[in-house]
Amino acid sequence: MSSTVNDEAVRIADLARDIRGMSGKLKRRLREQANVGDLTPSQTAVLLRLERDGPATTSELARAEAMRPQSMGTVIAALESAGLLHGAPDPQDGRKMRLSLTDHCRQWISAGRAARQDWLARTIRARLSPQEQDQLAAALTLLGRLVED
């Protein structure tokens, strides 16, 4: 293997490591701004799935999150007791309960997003010059190409 090919492989590996590390740090900082509280990753995933996909049964959520229904039941019980979810009988099958977000939960999610957006906008404005903001926009275009399906 030529040194040029090896140098390129090392450079790409370093870029991949740096992107992963930076995205993890950014995710943690954004999470700090959102006041997620004591929610587990599974609880957060359920709330986001219900927000995105709409009402679902415990079984549907368990399949979507690759969890056992019993484990999902524990997640759901905690979210219901926190006032973030409520259930209603399925219109097609009254034996099933369809879970959805409470209005309180929707407002909480919205406030968390607004807090993260505000923090990020203020930080970009405070720490990056206009030229660096342009560079960041260009980098985001490239990152977007990496994650396109």
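**Figure 1. A salt bridge within helix α1 joins Glu32 and Arg29.** The side chains of Glu32 and Arg29 meet at 3.4 Å, N to O, in a salt bridge (a side-chain nitrogen of Lys or Arg within 4 Å of a carboxyl oxygen of Asp or Glu). Side chains of opposite charge can pair when their charged atoms come close. The two residues sit 3 residues apart in α1, about one turn of the helix. Helices (H or I, at least four residues) and strands (E, at least two) are DSSP runs, numbered from the N terminus. Glu32 is exposed because its relative accessible area is 55%, while Arg29, at 34%, is partly exposed. Here buried means under 20% relative accessible area, exposed over 50%, and partly exposed in between (1.4 Å probe, protein chains only). This is a predicted model, in which local features need pLDDT of at least 70 and side-chain atom pairs count only at pLDDT 80 or more, whereas totals for chains, interfaces and linings use all residues. Residues are numbered from 1 along each chain as its sequence is written, and side-chain values use heavy atoms, with hydrogens and water left out.

**Figure 2. Arg49 and Glu65 form a salt bridge.** Their closest N and O atoms are 2.5 Å apart. Arg49 belongs to helix α2 and Glu65 to the loop between α3 (58-64) and α4, so the pair ties together parts that are 16 residues apart in sequence. Glu65 is partly exposed, with a relative accessible area of 23%. Look also for Arg52 and Asp53, which are linked with Arg49 and Glu65 in a network of salt bridges. The structure holds 11 salt bridges.

**Figure 3. Asp90 pairs with Arg98 in a salt bridge.** The closest N and O atoms are 3.4 Å apart. Asp90 is buried at 9% relative accessible area, and Arg98 is partly exposed at 21%.

**Figure 4. Helices α2 and α4 cross at roughly 75°.** The axes of α2 (residues 41-53) and α4 come within 10 Å. Axes are lines fitted to C-alpha atoms, for helices over the stretch in contact, and angles run from 0 to 180 degrees between N-to-C directions. This crossing makes α2 roughly perpendicular to α4; angles under 35 degrees count as roughly parallel, over 145 as roughly antiparallel, 65 to 115 as roughly perpendicular and the rest as oblique. In the contact (heavy atoms within 4.5 Å), you can find Ser42, Gln43, Val46 and Leu47 of α2 with Met72, Val75, Ile76, Ala78 and Leu79 of α4.

**Figure 5. Leu79 is a buried residue of helix α4.** Leu79 has 0% relative accessibility, and α4 spans residues 69-81. Leaving aside neighbours within four places in sequence, Leu79 is in contact with Leu39, Gln43, Val46, Leu47, Leu84 and Leu85.

**Figure 6. Ser100 is a buried residue of strand β2.** The strand covers residues 97-101, and Ser100 has a relative accessible area of 14%. Apart from neighbours within four places in sequence, Ser100 is in contact with Pro55, Leu84, Leu85 and His86.

**Figure 7. Leu26 of helix α1 touches Trp119 and Leu120.** Residues up to four places away in sequence are not counted here. Leu26 and Leu120 are 94 residues apart in sequence and 9.5 Å apart in space, C-alpha to C-alpha. Leu26 is partly exposed, with a relative accessible area of 38%.
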